[in-house]
Amino acid sequence: MINSAVETPANSYALVGGTLFDSHTGSLNDGKALWVEGDRIRAVAAPDDLPVDIKRVDITDKYVIPGMVDVHVHSEDWHAPLYLAKGVTSVRDVGCELETSLRRRNEWNDSNAVAPRLVITGPVIDCPGNQWTAMTHYVNTPAEARAAVDMLVEHGVDQIKPYAFLTWQCFEAIIDQAHHHGKFTVAHLGKRTNARRAIEAGLDEIEHLSGISEAMWSEENDAAPDWNWMYLWSALDRQRMDKMIDLIVERGTWMAITRLIWQRLATLWDTRLLDHPQLDYIPTHLRSFWNTFINKPMPPELRRLRSAQVAGAQIFAAKLIERCERICVGTDTPLPHLTPGFCYHDELWALLECGMSESALLQAATLQGAKAIELDRQIGSLDAGKYADMLILDSNPLVDMRVINQLTTVIRGGQFFESDALLAQAKTFAQSNTPYASTRFNDIW
Ligand SMILES: [Zn+2]
């Protein structure tokens with residue numbers, strides 16, 4: 001592996017003179033130095049209290065935020081430098097072939113890895129119906145569903161992911177069995193598993209606002225076997241939205257809204273995506289797969305449905321953000337035109353558009369994400385004892401979030417990385433035509 005690390009000052013050093021983002025309160029603090037030892041933050045201390053002989057790195061006028069967390073990816077080996085380059089220092093893989101995800105977790109969590117930290121669910125658990133065969137463990141009965149959870153837990157996955165085609169009985173069995181093992185559950189819901197019932201059954205996190213429209217219009221959804229969930233989003237109803245959000249807030253369900261994936265799916269016919277500069281970082285193989293969608297015309301009816309869904313979900317997300325604190329940030333990369341790392345920034349802007357404040361958004365991207373992936377004792381805030389995963393920014397992100405786009409220095413486990421060097425590494429790989437295995441797309445290529 002190419003080493004993109006620039007020289008890290010010493011095994012023990014202190015960042016002095018910068019302003020620190022407190023992800024517990026969403027505020028900025030001056031006057032404290034960050035003392036890093038090895039891969040951890042040793043202390044957050046007044047500069048006068050530092051050891052006299054410690055190596056001091058002057059970051060006057062700079063801002064430090066914790067490394068960011070993408071809670072929804074389908075990781076592949078080549079993604080690693082792109083995540084880091086864009087300040088994403090931890091990711092959760094929510095659907096990958098089991099052996100691959102266990103192997104990758106070992107590699108990426110190594111203290112010298114040029115990669116984000118990785119939390120995994122292994123394959124999703126689903127009933128027949130979804131097309132992602134390589135990353136799905138299929139079950140037909142509640143007994144098989146429970147056995148699948150047992151098997152995944154035995155192999156050491158971190159969390160459990162039920163998927164969109166489950167029957168209600170299988171879904172309930174998965175949640176119950178996962179909780180029996182003390183495992184957090186994160187779901188992509190579907191027609192038979194609407195969000196209200198799923199939350200009442202104890203589901204911990206919902207991805208993509210899935211199952212929400214089915215829950216708000218459950219009578220219509222139950223009555224018509226072919227009722228289209230996208231169409232349901234076009235019928236907005238303030239009372240139903242409020243009731244849904246009441247339940248989410250009351251039960252403390254985590255929400256990974258993932259605005260961007262729906263926007264992309266709605267505009268895949270847009271040929272302007274074909275020469276997007278981010279494509280330079282995408283291996284040829286995957287780039288041509290993405291472009292097959294663009295070259296396929298989208299019928300006007302589907303365009304209309306998708307755009308109605310995007311608009312409805314946008315309004316729901318805006319209302320949700322007003323009241324729900326348990327928001328985390330996820331992308332679903334590498335689905336079409338979601339470039340790892342880059343699309344995380346696009347997702348941040350999409351959440352700003354929904355009316356999220358800059359400080360709440362940075363909290364969602366750091367500590368809230370860390371909580372959802374259950375790494376908050378290790379990452380997510382600039383506290384003594386946690387990993388030294390942090391980003392050095394040139395100006396105040398609470399005044400203008402665009403500074404995150406201009407990120408140059410990323411610290412992962414105490415080691416310094418230059419964003420440009422990581423991007424160059426990723427570009428070289430993308431253009432080398434090296435074949436790689438994709439657990440997400442192999443079966444439908
Ligand atoms: Zn996904």
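Which residue in β4 is the bridge partner of Tyr-13? In this predicted model, the bridge partner of Tyr-13 in β4 is Val-36. The pairing belongs to strand β1, residues 12-16, and strand β4, residues 33-37, which run antiparallel to one another over four bridges. Strand β1 also pairs with strand β6, residues 55-58, in this case in the parallel sense and again over four bridges. Within that second pairing, Ala-14 is placed opposite Arg-56 of β6. Strands of a sheet pair through backbone hydrogen bonds, either parallel or antiparallel.

Strand β4 has a further partner in β5, with which it pairs in the antiparallel sense over five bridges. Here Trp-35 has Ala-43 in β5 as its bridge partner. The two strands β4 and β5 form a hairpin with two residues between them, and Gly-38 in the turn shows a positive phi of about 60°.

The loop that leads from β5 (40-45) to β6 contains Leu-50. This residue is classed as partly exposed because 17 other C-beta atoms lie within 10 Å, whereas burial requires 20 or more. When residues up to four places away in sequence are left out, Leu-50 touches Ala-14, Ala-33, Trp-35 and Ala-45. Leu-50 and Ala-223 are separated by 173 residues in sequence and by 67 Å in space, C-alpha to C-alpha.

The largest nonpolar core of the model comprises 128 residues. The members that touch the most other members are Leu-34, Val-64, Leu-84 and Ile-174. Helix α14, residues 358-372, supplies the largest share of this core, namely seven residues. For Leu-34, the contacts beyond four places in sequence are Ala-14, Leu-15, Leu-20, Ile-41, Val-44, Val-64 and Leu-382. Val-64, itself among the core residues with the most contacts to other members, is thus also a direct contact of Leu-34.

A second set of strands was also examined. An open sheet of six strands follows the order β3-β2-β7-β17-β18-β19, and its pairing is mixed. Its edges are formed by β3 (27-29) and β19 (415-418), each of which pairs on one side only. On average, neighbouring strands of this sheet are turned by 30° against each other, direction ignored. Within the sheet, strand β17, residues 390-393, pairs with strand β18, residues 409-412, in the antiparallel sense over three bridges. In this pairing Leu-391 stands opposite Val-410 of β18. Helix α15, residues 419-430, lies across β18 and β19 and runs at about 65° to β19.

Helix packing was considered next. Two packed helices are described by the angle between their axes and the distance between the axes. For helix α3, residues 142-155, and helix α4, residues 168-180, the axes come within 8 Å and cross at roughly 35°. The crossing of α3 past α4 is right-handed. On the α3 side, the contact involves Pro-142, Ala-145, Arg-146, Val-149 and Asp-150; these meet Gln-169, Cys-170, Ala-173, Ile-174, Gln-177 and Ala-178 of α4. By class, the contact of α3 with α4 holds seven nonpolar, two polar and two charged residues. Ile-174, one of the α4 residues in this contact, is also among the members of the largest nonpolar core that touch the most other members.

Several backbone features remain to be described. Most residues other than glycine have a negative phi, and most peptide bonds are trans. His-208 has a positive phi of about 65° although it is not a glycine. This residue is found in the loop between β14 (205-207) and α6 (212-216), and His-208 counts as buried because 21 other C-beta atoms lie within 10 Å. Thr-258, likewise not a glycine, has a positive phi of about 45°. The loop between β15 (254-256) and α10 (259-266) holds Thr-258, which is classed as buried because 27 C-beta neighbours lie inside 10 Å. Finally, the peptide bond from Thr-333 to Pro-334 is cis, with omega near 5°. Pro-334 is located in the loop between β16 (327-328) and α13 (342-353).

Conventions. Residues are numbered from 1 along each chain as its sequence is written. This is a predicted model: local features need pLDDT of at least 70, side-chain atom pairs count only at pLDDT 80 or more; totals for chains, interfaces and linings use all residues. Two strands pair if DSSP finds at least two bridges between them. Axes are lines fitted to C-alpha atoms, for helices over the stretch in contact, and angles run from 0 to 180 degrees between N-to-C directions. A crossing is left-handed if the near helix is turned anticlockwise from the far one by less than a right angle, and right-handed if clockwise. Two residues are in contact if their C-beta atoms, placed from the backbone, lie within 7 Å. Ala, Val, Leu, Ile, Met, Phe, Trp, Tyr, Cys and Pro count as nonpolar, Asp, Glu, Lys and Arg as charged, and the others, Gly among them, as polar. A residue is buried if 20 or more other C-beta atoms lie within 10 Å of its own, exposed if 12 or fewer, and partly exposed in between; C-beta atoms are placed from the backbone. A nonpolar core is a set of buried Ala, Val, Leu, Ile, Met, Phe, Trp, Tyr and Cys residues joined through C-beta atoms within 7 Å.
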